[in-house]
Each structure stands twice: as C-alpha cells, then as structure tokens.
Amino acid sequence: MQDYVYFDNSATTPLDPRVVDTMQPFLSGFFGNPSSLHGMGREARQSVENARRQVAGMLRVDPEEIVFTGSGTESDNMALCGSVGAVDTNCHIITSAIEHPAILETCRYLQQRGVDVSYLPVDSVGLVDPASLETVIRPTTRLVSVMAANNVVGTLQPIRELAHIAHQHGAFFHTDAVQAAGKVPVDVRTTQADLVSLSAHKIHGPKGVGALYVRKGVSLTPFIHGGGQEHGLRSATENVAGIVGFGEAARIAQETMSEEAARLVGLRDRLIEGLQSVFPNVYLIGHRYLRLPGHICIGFAGQEGEAIKMLLALDEAGIAVSTGSACSASHAHEPSYILLAMGFDPIRARGSLRITLGRFNTDDEVNRFLQVMRDIFPTLRRLTSYSL
Ligand code: PLP
C-alpha cells in the first residue's frame with residue numbers, strides 16, 4: 001500500500017526484499033525434501049543447515065542447539081510442555097504475569113494437568129524484580145520462564161539475573177525472545193538462558209516459522225511425533241523456504257543491529273518528545289530507557305476511552321498502529337492484563353496506543369504521524385463524551 005505508514009512492527013514486520021530473494025528459489029525450482037538422499041534433497045538440507053547457522057549466530061550458540069518450529073507460539077509451547085513432560089510428579093514452573101498468551105495459556109493448560117505455576121508480579125513500568133523470584137523458587141521448580149522484552153509495553157527484563165537465580169536453585173531458564181531477538185543483544189553466552197524462543201516474522205522474515213534454542217544437555221520431551229526431524233523434537237518435513245528466509249532475516253538483523261537500534265531510538269525518542277510537546281496529557285507506559293529501540297506505548301490522561309477512536313482515525317489517515325490492550329482485535333475493548341498487572345486501573349488499562357517502528361520507517365513518517373495527530377486530536381476531544 002503506497003504511502004501507508006506502518007507503525008505496528010511488534011505485530012509483524014514487512015518482509016525484507018533480500019529475504020524474499022533468498023526464499024524465491026525454494027518456492028519454485030528448489031523444492032527438494034531435506035530428508036531425501038538425492039541431489040535436490042541434499043541441496044535443501046544444505047540450505048536448512050546454512051539457515052540454522054545464521055539463526056544460531058543471532059544468539060551466538062552452536063547451530064546444533066537450534067530447533068526450527070512453526071512459530072514463536074510453538075517454540076514457547078515446546079519449551080514449557082517439553083520441560084514438564086520430562087518429569088512426572090511434583091513439578092513447579094515460574095513465569096511472569098505479563099507474558100504473551102503463548103506462555104500464559106500454556107501455563108494454564110499445564111496447571112489443569114497438575115503442574116504448579118507461580119506468576120511473578122511486575123512493577124509500574126513492567127519490570128520483574130529478581131528478588132521476587134528468590135521468594136517463590138523451590139526445590140521442585142523445573143523451569144523459570146520470563147520474556148526478554150514485553151510485546152505491549154516494550155520493557156526489557158533482567159533475564160541474566162533471573163537465569164542466574166534459576167540456575168542457583170537447579171532450575172532451567174527459558175526466555176521468550178520473540179520481540180527482543182534481532183533488536184537488542186540476546187547473547188546466550190551472557191544471559192546463560194537454557195531455552196530461547198524466536199519468531200521470524202518479527203524481524204522482517206516470513207510468518208509461520210520460529211525456532212527454539214535448546215542448550216546442549218537440556219532434555220525436552222517432544223510433543224509432535226513422526227519422522228524424527230529437528231533432532232526428534234519437531235517431526236515434520238521442514239518448511240524449507242520459510243527456514244531459509246528466517247536465516248537471511250537473522251543474518252541481516254544481526255549484522256545491522258547496533259546501527260539500526262541507534263537509528264530507531266532516535267526516531268522513537270523524537271516521536272515521544274513530539275507527542276509530549278503537543279499533548280501535555282500524554283504519558284509513556286513502560287520503562288523510559290529499558291525498552292525496545294522502536295517501541296512506544298502511550299496513554300492520554302483523561303482520554304483513555306479514545307484509544308480505539310484514535311487508532312481508527314489514524315488508520316483512515318493511512319497510519320497503522322495498535323492499541324496496547326490485546327494481541328487480538330476481538331479483545332480490543334478489554335483492559336490489558338499487562339497494564340492491570342502493572343497497577344493501572346481498568347480505565348487506563350483499556351486506553352493505550354502502541355506505536356512500533358521498524359527497519360523501513362523513516363524520519364518523514366515520524367513527521368507525518370505527528371502532523372496527523374495534531375490534526376485529529378481536536379476532533380477526538382469533541383467526541384470524548386460519546387462512547388463507541
Ligand atoms: N511471544 C511474544 C512476546 C510475541 O510478541 C509473540 C507474537 O506477537 C509470540 C510469542 C508469538 O509468536 P508467533 O506469532 O510467531 O506465534
């Protein structure tokens with residue numbers, strides 16, 4: 001869509017044209033099955049293994065420790081169910097109250113099957129206090145799972161400290177790095193995570209492909225059974241085009257990360273300051289500095305009921321953003337469980353806007369966004385007394 005400003009990069013990102021070029025042959029002539037022994041199969045296998053090296057490079061791990069999956073959601077399920085499946089009784093896992101539903105719903109599923117789950121609280125900017133982990137961890141804790149960056153408020157968690165505490169108590173540490181990887185360093189040599197979830201479509205790669213880093217020596221119980229692909233953890237013929245695209249997306253993200261993060265921080269901060277100078281009632285949600293480079297979540301004091309109207313008015317003006325209330329449009333009117341966990345009252349928890357920038361956003365687009373906000377704001381003000 002020409003002239004459309006896409007500021008919803010946390011939902012998904014546009015494919016990088018270099019990724020499309022890399023995938024193209026695997027959608028036509030190069031259709032071999034990586035398990036086949038003939039030349040076409042070997043070619044597909046080589047491409048999958050090259051992509052595995054590229055994804056491993058993003059975490060600085062051994063390629064053998066990368067398992068390709070069908071999504072970030074599947075990686076999260078594999079990490080949690082796979083860890084628990086390896087023990088049968090008296091199992092405890094710990095997560096945070098603001099995880100993505102891919103973690104929280106999996107925890108609920110496991111709770112129904114007798115697993116004990118503790119939810120760590122967060123403070124008003126969405127941070128987990130490592131001291132709170134010390135108070136709930138116990139000898140039966142099998143796994144601690146805390147996301148690297150939150151998808152709604154963008155806050156970065158102290159995963160290194162959390163992993164350290166988990167290990168001191170004999171538990172494994174998993175992090176959902178779907179939002180963080182490729183944008184901020186998620187170097188496993190530093191964080192010491194045992195399991196890390198990734199998804200290609202958040203880093204300008206294709207949808208429907210993810211990965212789980214599984215540290216050597218961590219044993220997971222598979223929940224997809226079949227031909228034994230992906231070290232037996234994820235049986236299924238590999239999505240070769242998707243995996244190859246993921247590899248290229250990971251390579252580009254890794255190579256350009258520090259430069260791109262600095263550029264996005266510049267755009268992000270200009271946008272925040274621009275909004276604050278025009279609208280004195282704007283408040284930033286999440287941590288001011290410990291946040292993803294291109295991530296903004298804001299509220300408008302006294303006008304929280306306007307978030308969806310703002311989103312629709314922006315959409316009409318050709319700008320895509322999202323509300324911070326949910327990852328699914330069908331829940332857009334409900335207060336965000338993430339903001340509720342951060343101590344927001346239900347009205348404020350319903351009224352945030354999430355503006356997330358990515359590789360293809362420009363200075364001019366930030367200017368256009370600020371201009372459109374100046375234009376639409378007076379109209380929204382007049383509508384304040386009406387509900388949708
Ligand atoms: N975890 C986080 C933090 C996310 O933001 C998302 C997607 O928004 C997921 C997991 C799920 O990833 P996928 O869309 O690849 O299933």
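A helix here is a DSSP run of H or I with at least four residues, numbered from the N terminus. By that count, helix α3 spans residues 72–85. Helix α3 gives three residues to the shell around the ligand, the largest share. The model is predicted.

Start with the ligand. It is surrounded by 13 residues. A residue belongs here if one of its heavy atoms lies within 4 Å of the ligand. The closest are Thr-73, Asp-176, Gln-179, Ser-199 and Lys-202. Sorted by class, the shell holds eight polar, three charged and two nonpolar residues.

Now look at individual side chains. Asp-176 places a polar side-chain atom 2.6 Å from a nitrogen atom of the ligand. Lys-202 addresses an oxygen atom of the ligand, with a polar side-chain atom 2.6 Å away. Gln-179 also has a polar side-chain atom by a ligand oxygen, at 2.8 Å. On its own, the ligand has 390 Å² of accessible area, and the protein covers 87% of that.

Step back to the whole chain. The domain assignment gives two parts. Domain 1 is made of residues 5–12 + 256–379. Domain 2 runs over 17–252. Their C-alpha centres lie 27 Å apart. In the contact between them, domain 1 supplies 28 residues and domain 2 supplies 34.

How much area is buried between domain 1 and domain 2? The size of an interface is often given as the accessible area lost when the parts come together. Here the buried area is about 2500 Å². Carbon and sulfur atoms give 61% of it.

Technical notes: Residues are numbered from 1 along each chain as its sequence is written. This is a predicted model: local features need pLDDT of at least 70, side-chain atom pairs count only at pLDDT 80 or more; totals for chains, interfaces and linings use all residues. Side-chain values use heavy atoms; hydrogens and water are left out. A polar contact is a pair of N or O atoms within 3.5 Å; within protein, one must be able to donate a hydrogen and the other to accept it, and residues adjacent in sequence count only if both atoms are side-chain atoms. Accessible areas come from the Shrake-Rupley method with a 1.4 Å probe; for residues, only the protein chains shown count as cover. Helices (H or I, at least four residues) and strands (E, at least two) are DSSP runs, numbered from the N terminus. Ala, Val, Leu, Ile, Met, Phe, Trp, Tyr, Cys and Pro count as nonpolar, Asp, Glu, Lys and Arg as charged, and the others, Gly among them, as polar. Domain bounds come from an automatic or database domain assignment. Contact means heavy atoms within 4.5 Å. Buried area is the accessible area (1.4 Å probe) that two parts lose on being put together, summed over both.
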